[in-house]
Amino acid sequence: MLIMTLLLTLAEGVHLLGLVAGQKQLSTYATEGALGEYNRILWEEYGILGMDAGYGQDRFDPSELEQRLRVRLEEELGDTLYQTSLTSCAIRSYQLLTDQRAGPFIRQAARQEVGQLGQTGIDRIIDYVRGAESTSDKRDLSSMLQEGQGALEQVQKEKREEGKSAKDSPDISEKKSEEKSGDQAESGEKERSPSNGRKTKANPIRTALEWKSKAILAQVLPPDNKLSEASLPDGKDCPSKRKRLQGTSEEKIETDLKDQGLFRLYLRDHFSRFGKEQGKGHALSYEMEYILCGKESDKRNLEAMVLRLLALRELDNCRCLLGDPARMAQVEELAVLLAGATLNPAVLQLVKGGIVAAWAYLESILDIRLLLTGGKAALLKSPAEWTSDIYEFPTYLDTVVKARESSAGISYEMYLMALLLLADSGDLALRAMDLMEASIRQEEAYGGTRMDHMICGLNMHYGYEARTYFQILPKKTMLPWYQGEYEETCAYQ
């Protein structure tokens, strides 16, 4: 009897150890298996793991996940020799991809980018863009144009009034000559200048104002360029704009500078842009522009991006002009010719400012034409890299004419990267998920997918109950160590 008691005790001890190990292992496998049901398109297209708690439908019901896990566990337990039954299977907490301003998404995206953050010239362009956007010496070039044109119109008005009051003057020929000179200045024409031998064909201030009143894309793209007409189907019901569901996990997602940089590289590698559009399966063609600008259509995003680049290039080109004595001499000469013999230095200064703004605008338009066709524009231009001629302003209306390319310049993609690095990570991530959600929804089986239903971390509670091999006492008096409770946490990394 002693030997049999010893053997049976040892057997029951092995049974208990097996119960503990088996229940622990089964709990781990069940939790990992739940996250193993990740959204296929999200992984294949974007390399991001997320378990859709709505299973492709526009609903969020964690109890369905619990029920699926319960059924799976009961099937597994029925095939074992441990005589174990499941008493509880409940979600304690979960984390969504959109939590903490898309912190889990940013972390996963950063993990997708291997290697070190490094882009030729990226530090230089970042300093340039940051300086252009934050400098206290910003010039309102539009106001300079308006003030310059207003000063010219005032000069012409004064000359017409002087001519009218002097009708009865004996020196009629001299007054007529002044009126003729005033008319020529108003139309922007002048006689051949002895200093340069060139003839102006138009008032550059007026021409620049006329250009600014037109659609910006018509100024920088040829008429035969086919722009995307795509737009987000539910532009106002997307992750970045709607009230998103929040996970119950209290884990804080922290990302360092390396993660932030790698996340920007992830956006560059996984989303399209103007000039590098992707094929079918994407809701928009100009995705990088959407991530930066947040408009609902491709056309509006491209317009917003071009205007943003135009503002940066205008400031740069204005500084280059002001630092070029030869071209500033041309500006002063042209200001005198347009304004006529005015004795008011303030008026002349306004006209000069208007000409500088018009010239910087013209050169910037040529720069953007170059960028949009894949070229590189000089970041800080030297006089030799300047393209436009203020005396030939109207000849640049043709969208084929572009700025001179610089081998050491900055491409359109590098501008986008610099702007990404200066933007808020949360805004970028949520807009990226707008695009991902819209693209996934194009497949019928995933028509109700929502990014704020994507579980990326899960904490589960499991409870088990087991019979002894050699049952003597009633089940109700079963000893406590045959009732096991486990918590398992699993998350995508």
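Here are some notes on the predicted model shown above, point by point.

1. Overall make-up. The chain holds 16 helices and 4 strands. Of its 493 residues, 49% are buried. Contacts between residues 24 or more positions apart make up 79% of those with a separation of 6 or more. The chain's accessible surface is about 24,600 Å², and carbon and sulfur atoms account for 52% of that area.

2. The nonpolar core. In soluble globular proteins, nonpolar side chains tend to be buried together. Here the largest nonpolar core counts 125 residues, and the ones touching the most other members are Phe 105, Leu 267, Phe 271 and Met 436. Helix α14 supplies the largest share of this core, with 17 residues.

3. Met 436 and its aromatic company. If you centre your view on Met 436, you will find it in contact with Leu 42, Tyr 46, Ile 48, Phe 105, Tyr 266, Phe 271 and Met 451, leaving aside neighbours within four places in sequence. Several names recur in the next item: Tyr 46, Phe 105, Phe 263, Tyr 266 and Phe 271 form one aromatic cluster. It is worth displaying these together.

4. A tryptophan pair. The model contains 11 aromatic pairs. One of them joins Trp 359 and Trp 386 in an edge-to-face arrangement, with 6.0 Å between centres and 90 degrees between planes. The two partners come from distant parts of the chain, 27 residues apart: Trp 359 belongs to helix α14 (residues 345–372), while Trp 386 is in the loop between α14 and α15 (412–422). Both Trp 359 and Trp 386 are buried.

5. Charges over rings. Trp 386 has a further partner, since Lys 381 lies over its face at 5.7 Å from the ring centre. Elsewhere, the charged end of Arg 68 sits over the ring of Tyr 55, 3.8 Å from the centre of that ring.

6. Asp 452, a buried acidic residue. Where does Asp 452 lie? Its place is the loop between α16 (425–440) and β3. With a relative accessibility of 0%, Asp 452 falls under the 20% limit and therefore counts as buried. Its side chain is joined to that of Arg 242 by a polar contact of 2.9 Å. Beyond neighbours within four places in sequence, Asp 452 is in contact with Leu 96, Thr 98, Arg 242, Lys 243, Arg 244 and Leu 245. Asp 452 and Gly 54 are 398 residues apart in sequence, yet their C-alpha atoms are 9.9 Å apart in space.

7. Strand β3: His 461. This histidine is in strand β3 (residues 454–466). Is His 461 buried or exposed? It is buried, at 10% relative accessible area. The side chain of His 461 makes a polar contact of 3.5 Å with the side chain of Ser 88. Apart from residues up to four places away in sequence, His 461 touches Ser 88, Cys 89, Ala 90, Arg 92, Glu 485, Tyr 486 and Glu 487.

8. Strand β3: Asn 459. Asn 459 is also placed in strand β3, and at 13% relative accessibility it counts as buried. With residues up to four places away set aside, Asn 459 touches Ala 90, Ile 91, Arg 92, Ser 93, Glu 487, Glu 488 and Thr 489. Reading this beside the previous point, Ala 90, Arg 92 and Glu 487 are among the residues that both His 461 and Asn 459 touch.

Conventions:
Residues numbered from 1 in each chain as written. Predicted model: local features only at pLDDT ≥ 70, side-chain atom pairs only at ≥ 80, totals over all residues. Heavy atoms only, no water. Phe/Tyr/Trp six-rings, centres within 6.5 Å; stacked < 30°, edge-to-face > 60°. Helix = DSSP H or I, 4+ residues; strand = E, 2+ residues; numbered from the N terminus. Buried < 20%, exposed > 50% of the residue type's maximum accessible area, 1.4 Å probe, protein only. Lys NZ or Arg CZ within 6 Å of the ring centre and 35° of its normal. Polar contact = N/O pair within 3.5 Å; in protein donor to acceptor, adjacent residues only side chain to side chain. Contact = heavy atoms within 4.5 Å. Areas by Shrake-Rupley, 256 points an atom, 1.4 Å probe, with all protein chains shown as cover. Core = buried A, V, L, I, M, F, W, Y, C linked by side-chain atoms within 4.5 Å.
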